[in-house]
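Here is a friendly briefing to read alongside the model. Have the viewer open and follow along topic by topic.

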Amino acid sequence: FLNKQGHVDPDRLPREVVFGNQKRYRLLRQVGKGGMGTVFEAKLIAADSDGSKLALKICESDASGRAEREAEILKRLSELNHENIVKFYDSTLDGSHLVIIMELIMGQSLDDWLEHRYSDGNPGVTFAETQPIVKQLVHGMSAIHALDIAHRDLKPGNLVFDEVTGKLVIVDFGLSKQHNT
């Protein structure tokens with residue numbers, strides 16, 4: 001599934017893949033691409049699977065150090081089971097590519113929501129609408145900081161409104177760091 005430069009090529013990915021953890025996944029579609037890798041919507045194929053969809057982040061081999069750090073931080077944060085922080089399920093090495101398996105958050109980013117709210121003819125955002133958003137962001141970030149973790153890429157594009165729960169969820173910990181105290 002790699003191109004000539006050794007990067008993930010979504011067009012070359014098979015419909016079903018088995019990674020280093022020996023679990024089989026069905027790739028449904030690409031949902032994002034960033035500097036560290038490509039994120040796919042997928043399902044675990046197993047007799048005991050509940051059929052829920054997951055996010056598989058296939059990290060580029062040249063980002064392996066940052067990807068490993070992201071997986072470690074996500075694993076630590078998942079112990080909190082915090083409603084405003086994306087959940088980590090597993091990570092596995094597949095050749096030179098780290099694959100991070102996490103909760104799939106489908107919905108609109110805060111960036112897209114704000115753009116729509118401030119587009120032509122829309123009134124913008126009221127204080128009453130802003131209050132619960134800021135409260136959820138502070139709630140999630142307080143939990144992250146309590147573990148001495150810095151997100152380091154907090155922006156509206158990395159905050160997603162879960163379309164199922166309506167909660168604001170902090171995602172993309174690719175630049176995060178654990179501070180040593």
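**A tour of the predicted model**

Tyr 118 is exposed, with a relative accessible area of 55%; here buried means under 20% relative accessible area, exposed over 50%, and partly exposed in between (1.4 Å probe, protein chains only). This is a predicted model, in which local features need pLDDT of at least 70 and side-chain atom pairs count only at pLDDT 80 or more, while totals for chains, interfaces and linings use all residues. Residues are numbered from 1 along each chain as its sequence is written, and side-chain values use heavy atoms, with hydrogens and water left out.

**Around Tyr 118**

- Tyr 118 sits in the loop between H2 and H3; helices (H or I, at least four residues) and strands (E, at least two) are DSSP runs, numbered from the N terminus.
- Leaving aside residues up to four places away in sequence, Tyr 118 touches Gly 124 and Val 125, where contact means heavy atoms within 4.5 Å.
- From Tyr 118 to Glu 72 the separation is 46 residues in sequence and 37 Å in space, C-alpha to C-alpha.

**Helix H2**

- Helix H2 covers residues 110–117, and Leu 110, Trp 113 and Arg 117 are buried in it.
- These buried residues lie on the same side of H2, because they cover an arc of only 60° around the axis; the arc is that of the directions from the helix axis to the C-beta atoms.
- As background, an α-helix has 3.6 residues a turn, so residues three or four places apart point the same way.
- What do the buried residues of H2 pack against? Their partners are S7, helix H3 (127–146) and strand S9 (159–162).

**Salt bridges**

- The count comes to nine salt bridges, a salt bridge being a side-chain nitrogen of Lys or Arg within 4 Å of a carboxyl oxygen of Asp or Glu.
- One of them joins Arg 29 to Glu 41, with the closest N and O atoms 2.7 Å apart.
- Arg 29 lies in strand S2 (residues 24–33) and Glu 41 in strand S3 (residues 37–45), so this pair ties together parts that are twelve residues apart in sequence.
- Are the two partners buried or exposed, or in between? Arg 29 counts as partly exposed at 41% relative accessibility, whereas Glu 41 counts as buried at 6%.
- Glu 41 also meets Lys 53 in a salt bridge, at 3.1 Å from N to O.
- That second pair links distant parts of the chain, with Glu 41 in strand S3 and Lys 53 in strand S4 (residues 53–59), twelve residues apart.
- Lys 53 is partly exposed, with a relative accessible area of 41%.
- Arg 29, Glu 41 and Lys 53 are thus linked in a network of salt bridges.

**Asp 172 and its partner**

- Asp 172 forms a salt bridge with Lys 57, and the closest N and O atoms are 3.8 Å apart.
- Here the linked parts of the chain are 115 residues apart: Asp 172 is in the loop between strand S10 (168–170) and strand S11 (177–178), and Lys 57 is in strand S4.
- Asp 172 is partly exposed at a relative accessible area of 31%, while Lys 57 counts as buried at 8% relative accessibility.
- Asp 172 has a positive phi of about 60° although it is not a glycine.

**Another positive phi**

- Arg 152 has a phi near 70°, a positive value in a residue other than glycine.
- Arg 152 is found in the loop between strand S8 (149–150) and S9, and counts as partly exposed at 48% relative accessibility.

**The largest pocket**

- The largest pocket has a volume of about 780 Å³. Its volume is the space filled by probe spheres set on the grid points, which are joined across faces, edges and corners.
- On a 1 Å grid over the protein atoms alone, with a 1.4 Å probe, a pocket is an open set of points with protein on both sides within 12 Å along at least five of seven lines, and lining residues have an atom within 4 Å of a point.
- Of the 32 residues that line the largest pocket, Gly 32, Val 39, Asn 158, Val 171 and Asp 172 are the closest to its centre.
- Which elements give two or more residues to the lining of the largest pocket? They are S2, S3, S4, helix H1 (64–78), strand S6 (97–103) and strand S7 (107–109).
- S2 gives the most to this lining, with five residues.
- By class, the lining has twelve nonpolar, eleven polar and nine charged residues; Ala, Val, Leu, Ile, Met, Phe, Trp, Tyr, Cys and Pro count as nonpolar, Asp, Glu, Lys and Arg as charged, and the others, Gly among them, as polar.
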